[in-house]
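Please open the model in your viewer and keep the sequence panel beside it. The stops below are meant to be followed in order, each beginning with a selection to make.

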Amino acid sequence: MTDYRKIAALLFPQIHKTPEDYAAQYPARSLPEGAAVTRFAPSPTGFIHIGAVYAAMIAQRLARQSGGVFYLRIEDTDKKREVEDGIAQIVRGLEAFGIVADEGFVPGGETGAYGPYQQSHRGDIYQCYAKDLVERGLAYPCFCTEEDLNSVREKQEAQKLRTGYYGAFAHCRELSDEEIENKVRAKTPFVLRLKSPGREDRRISFADKIKGKIEMPENDQDLVLLKRDGIPTYHFAHAVDDHLMGTTLVVRGDEWISSTPIHMQLFQALGFKPPKYAHIAPIMKEENGSKRKLSKRKDPEAAVLYYYAEGYPAASVLEYLDTISNSNFEDWRRANPAADRWEFPFQLSKMSQSGALFDLNKLNDVSKNCISRMTAREVYEGIASWAREYDPAFAALLEKDPDYAKAILSIDRGGSKPRKDLAKWADAKAYMAYFYQELYQPDYTLPEQVAPADAAAVLAAYEKVYDPEDDKEAWFAKVKALCEPLGFSPDVKAYKKDPSGFKGHVGDLSTVIRIAVTSRRNTPDLCAIMGLLGRDACFQRLRAAKEYYQSAGASARAGVK
RNA sequence: GGCCCGAUGGUCAAGCGGCUAAGACACCGCCCUUUCACGGCGGUAACACGGGUUCGAUUCCCGUUCGGGUCACCA
């Protein structure tokens with residue numbers, strides 16, 4: 001007859017607390033009815049994955065929406081994969097997207113009454129529950145070596161049996177008290193395994209909040225609870241922590257679905273009420289015609305830093321993620337363009353069952369809309385702070401005269417039909433370049449239908465009438481007035497009906513001026529641009545272009561002869 | 001291979017027994033327009049396949065195929 005208490009004491013001599021002690025230390029939370037306690041529980045293994053932000057964002061939303069708590073727990077039970085500064089990277093990465101936990105790890109440290117929120121600091125807690133399991137005959141030490149395990153697996157494979165440590169293959173289940181005592185005394189390393197009460201021929205089901213009812217065979221594997229070093233495995237830590245911390249809803253990637261039977265079993269063995277689960281489908285990437293999960297290793301766009309470096313505003317990435325998470329988000333946004341995204345009534349049941357391909361086009365579109373809703377000041381701040389890090393020279397240029405930059409960004413901003421030129425801060429430099437002498441690179445290439453000599457004539461004439469004081473109407477009236485004497489039609493429609501007799505229309509003519517001033521065929525309102533550039537710069541550019549076309553016209557004539 | 005999950009246009013997706021099968025992004029055309037952008041209008045484009053159930057299947061059931069996940073002393 002096995003004496004479980006004796007074995008437990010032998011295995012965990014230093015543990016004196018009991019589960020009751022911890023139950024008292026971490027009382028149930030007093031929260032309003034229906035409030036969800038959710039969490040984000042990453043491993044500090046390097047940069048934050050976009051999928052992690054996605055999951056964290058959903059968990060946070062669910063907690064906030066229900067008046068609950070969202071906390072950040074660090075799952076650092078695998079020292080091999082741990083990365084230096086990992087925790088700070090996570091906290092900072094989330095903060096960059098406005099995700100700050102209510103509890104657990106937050107910028108500046110750790111907070112909350114249910115900690116520690118770092119698994120490596122919870123060793124005694126796990127050991128205590130492990131000891132309890134041993135005392136109750138639900139867990140046992142396993143002294144098998146890696147080689148033992150391998151040979152078992154080979155045997156199983158040869159016989160085409162399910163592999164793993166279960167049933168009759170779980171040799172250490174049968175160890176006598178004496179054998180255990182001897183091995184422990186001899187300091188033989190061991191892991192602690194669950195004595196699984198499950199049976200493969202029985203089924204277990206649970207109601208996933210996203211995927212609905214999922215039915216699977218029970219787990220009958222004697223899973224490792226504590227590793228050789230005494231550190232818990234994910235499964236065990238999950239059960240203990242989420243119970244003690246009062247988690248009511250676990251939001252996690254759907255790669256965990258297949259281990260949920262294990263978790264249900266663990267919760268039961270420990271006497272805990274299991275949380276609800278919401279398994280979210282991963283964000284996918286297309287490669288060579290097939291889908292696969294965005295990979296941290298292979299895909300730069302998996303890293304949240306990528307979006308940051310490209311200059312996508314955090315708000316854009318979040319909104320993009322919102323559109324993926326609930327397909328009615330876009331409709332809601334159209335109906336509530338100015339509303340805070342927190343006001344959107346998010347529903348887990350509206351989440352997609354299968355993974356969505358990451359769509360850069362869509363991100364760009366969402367981001368353009370986001371940026372178009374911002375004020376010039378916000379856009380300026382966004383560009384400047386991005387540039388400080390990724391394009392210091394450009395940042396310096398902007399910061400030399402913030403008001404000028406803001407004025408540029410104000411052109412056609414606001415109103416019901418705002419421009420949507422910028423998808424990311426990195427687009428700003430090209431968009432603004434011609435406003436800065438330091439960045440300006442003249443390019444006088446004309447549209448095909450305009451001859452250099454005509455361009456020269458247009459500029460020569462325009463130079464004489466240009467008045468920086470003109471408002472938009474006066475400005476355009478002058479451009480129009482130039483048309484007929486120079487052989488252009490002031491009326492685009494009339495020209496299109498009958499192009500004969502004209503060299504072009506006002507559009508062509510103003511294009512000449514536009515190119516002369518900005519070296520661009522397409523720009524926002526030219527009058528506003530010239531106003532910002534100032535009279536000196538405008539005259540200077542107008543003249544330079546005119547001279548260019550004059551000499552080009554001359555050489556063209558020379559060539560013809 | 002076992003076990004799970006999934007399958008509507010190029011992408012994201014509405015749909016939940018009877019619809020000319022929404023909408024968004026992308027693409028194309030037209031309109032507006034001094035250019036662009038914005039906006040408006042329109043267009044190309046989809047229910048993976050085979051069996052059932054039913055008066056009737058995109059929708060329900062079963063197979064097939066395909067895609068994804070998982071089978072660690074990693075999370």
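Select helix H18, residues 452–465, together with helix H19, residues 472–483, in this predicted model; the two helices pack at an angle of about 140°, and their axes are 10 Å apart. Because angles over 145 degrees would count as roughly antiparallel, while those between 115 and that limit do not count as roughly perpendicular either, H18 and H19 are therefore described as oblique to each other. If you turn the view so that one helix lies in front of the other, the crossing of H18 and H19 is right-handed.

Next, select helix H14 (residues 376–390) and helix H15 (residues 392–400), whose axes come within 6 Å and cross at roughly 140°. That angle makes H14 oblique to H15, and the crossing in which H14 passes H15 is left-handed.

For another helix pair, move to helix H8, residues 234–244, and helix H9, residues 260–270, which pack with their axes 9 Å apart and at an angle of about 55°. These two helices, H8 and H9, are therefore oblique to each other, and H8 passes H9 in a right-handed crossing.

Now bring RNA strand B into view and select the residues around it. Which residues are the closest to RNA strand B? Of the 56 residues that surround the strand, the closest are Lys227, Arg228, Lys362, Arg419 and Thr523. Coloured by class, the surface near RNA strand B shows 26 charged, 18 nonpolar and 12 polar residues. On the RNA side, 74% of the atoms of strand B within 4 Å of the protein belong to sugar or phosphate, and the rest belong to bases.

Three individual contacts can be displayed here. An N or O atom in the side chain of Asn522 is 2.7 Å from a sugar or linking oxygen of RNA strand B, and an N or O atom in the side chain of Glu75 is 3.0 Å from a sugar or linking oxygen of the strand. At Tyr234, a polar backbone atom is 3.1 Å from a phosphate oxygen of RNA strand B. Widening the selection to whole elements, those that give two or more residues to the surface near RNA strand B are strands E6 (191–194) and E8 (212–217), and helices H12 (329–335), H13 (360–372), H19 (472–483), H20 (492–497) and H21 (506–518). Among these, E8 gives the most, with four residues.

Two backbone details deserve a stop. Most residues other than glycine have a negative phi, and most peptide bonds are trans. Select Asp85, in the loop between strand E2 (69–72) and helix H4 (86–95); the phi of Asp85 is near 70°, a positive value in a residue other than glycine. Then select Gly115 and Pro116, where the peptide bond from Gly115 to Pro116 is cis, with omega near 0°. Pro116 has its place in the loop between strand E4 (109–111) and helix H5 (123–135).

Finally, colour the model by confidence. Chain A averages a pLDDT of 91, and 98% of the residues score at least 70, while the predictor gives the complex an ipTM of 0.93 and a pTM of 0.91. Where pLDDT is low, the predicted coordinates should not be read in detail.

Note on methods:
Residues numbered from 1 in each chain as written. Chains lettered and ligands numbered in written order. Predicted model: local features only at pLDDT ≥ 70, side-chain atom pairs only at ≥ 80, totals over all residues. Heavy atoms only, no water. Near = heavy atom within 4 Å. Polar contact = N/O pair within 3.5 Å; in protein donor to acceptor, adjacent residues only side chain to side chain. Nonpolar A, V, L, I, M, F, W, Y, C, P; charged D, E, K, R; others polar. pLDDT = per-residue confidence, 0-100. Axes fitted to C-alpha atoms, helices over the stretch in contact; angles between N-to-C directions. Parallel < 35°, antiparallel > 145°, perpendicular 65-115°, else oblique. Left-handed = near helix turned anticlockwise from the far one by under 90°.
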